[in-house]
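Please look over the sequence and the model before reading on, and keep both at hand while following the paragraphs below.

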Amino acid sequence: GARRPPPPPRTAPRKMAAAERGGSSEFVRFMLSLIIPVLFISACLLLALVAVLMVVRFWVSQKKKLARRAGKNGKIVVAFFHPYCNAGGGGERVLWCAVRAMQQRYEDVAVVIYTGDLNVAAEEILDGAYRRFNIKLPRPVQFIFLEKRYLVEAKLYPYFTLLGQSLGSMLLGWEALMKCVPDIFIDSMGYAFTLPLFKNLGGCRVGCYVHYPTISTDMLSVVRNRNPRFNNASFISKNPILSNMKI
């Protein structure tokens with residue numbers, strides 16, 4: 001019988017495979033070509049950020065020098081960051097004891113207290129400290145009233161409350177820094193995010209006394225163990241990704 005014609009060569013699959021390899025190599029080359037521009041842009045942004053921080057620090061330091069010449073008589077300014085200084089808890093008792101002890105020991109210190117108690121006068125705050133704790137200061141103190149205390153209140157952040165309060169404390173701390181640049185900054189309420197702000201931008205020596213920390217190990221363990229609580233919503237505790245993001 002007649003011979004069957006040979007089957008046509010199977011070139012289509014080979015061409016498709018070659019095209020796929022060519023496409024993937026083109027994609028790899030394209031991604032590699034982006035590395036240098038991305039690194040260059042990142043370096044430029046980093047340098048710009050460093051330059052901005054240096055300019056801000058220089059500006060704050062000049063503001064500090066002008067304020068010292070204006071009216072502290074060469075005294076060292078020690079500022080306590082206590083937005084709720086008119087409250088009557090144990091943290092406030094420690095605050096007033098610390099201020100009294102500092103004034104009794106150091107004559108060349110001017111004490112400043114950052115507070116968000118806008119609805120009371122300075123005299124009322126001092127009278128409240130004497131009435132509640134029987135603490136009377138030997139010398140006057142200066143109160144710096146902060147208008148953005150609401151940024152650290154828990155009711156403003158129904159979810160990720162601790163993160164919101166910590167970031168809000170930085171904005172509140174910036175307001176405090178703009179109103180008075182001290183020589184020594186003491187956080188007496190547990191807002192740890194204010195410490196690098198005053199140290200790096202304000203050029204201040206910093207310290208802290210933490211009576212009730214904003215973030216504690218007990219709070220972190222609740223999130224880590226994924227236990228639903230009033231400060232750890234159930235939809236977050238049930239989701240491992242959201243829980244890890246919260247930590």
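Which residues do ring pairs link into a cluster? In this predicted model, the residues joined in this way are Phe81, Tyr114, Phe185, Tyr191 and Phe198. A pair of aromatic rings is described by the distance of the centres and the angle of the planes. With pairing limited to centres that lie within 6.5 Å, the count for the model comes to 8 aromatic pairs.

One of these pairs is formed by Tyr114 and Phe185, whose rings are 6.5 Å apart from centre to centre, with 45° between the planes, and the pair is classed as tilted. Tyr114 belongs to strand β2, which covers residues 109-115, while Phe185 belongs to strand β4, which covers residues 184-187, so this pair ties together parts of the chain that are 71 residues apart in sequence. Tyr114 has a relative accessible area of 0% and is therefore buried, and Phe185, likewise at 0% relative accessibility, counts as buried.

Phe185 also pairs with Phe198, and here the ring centres are 3.8 Å apart and the planes meet at 10°, which is why the pair is described as stacked, given that planes under 30 degrees apart fall into that class. This second pair again links distant parts of the chain, with Phe185 in strand β4 and Phe198 in helix α6, a helix of residues 194-201, at a separation of 13 residues. Phe198, at 0% relative accessibility, counts as buried.

Strand β4 can also be approached from Gly207, which lies in strand β5, made up of residues 205-208. Leaving aside residues up to four places away in sequence, Gly207 touches Phe185, Ile186, Asp187 and Leu195. The C-alpha atoms of Gly207 and Ile184 are separated by 7.7 Å, although these two residues are 23 residues apart along the chain. Is Gly207 buried or exposed? Its relative accessibility is 24%, so Gly207 counts as partly exposed, because the buried class ends under 20% relative accessible area and the exposed class begins over 50%.

Another kind of ring arrangement involves Tyr130, where the charged end of Lys136 sits over the ring at 5.6 Å from its centre.

Finally, the record offers a view of an earlier stretch of the chain, since the unreviewed UniProt entry carries the annotation "transmembrane region" for residues 34-60. In the model, residues 34-60 are 96% helix and 0% strand, and the C-alpha atoms at the two ends of this stretch are 39 Å apart.

Methods:
Residues numbered from 1 in each chain as written. Predicted model: local features only at pLDDT ≥ 70, side-chain atom pairs only at ≥ 80, totals over all residues. Heavy atoms only, no water. Phe/Tyr/Trp six-rings, centres within 6.5 Å; stacked < 30°, edge-to-face > 60°. Helix = DSSP H or I, 4+ residues; strand = E, 2+ residues; numbered from the N terminus. Buried < 20%, exposed > 50% of the residue type's maximum accessible area, 1.4 Å probe, protein only. Lys NZ or Arg CZ within 6 Å of the ring centre and 35° of its normal. UniProt positions renumbered as here; feature names shortened; annotations may be inferred. Contact = heavy atoms within 4.5 Å.
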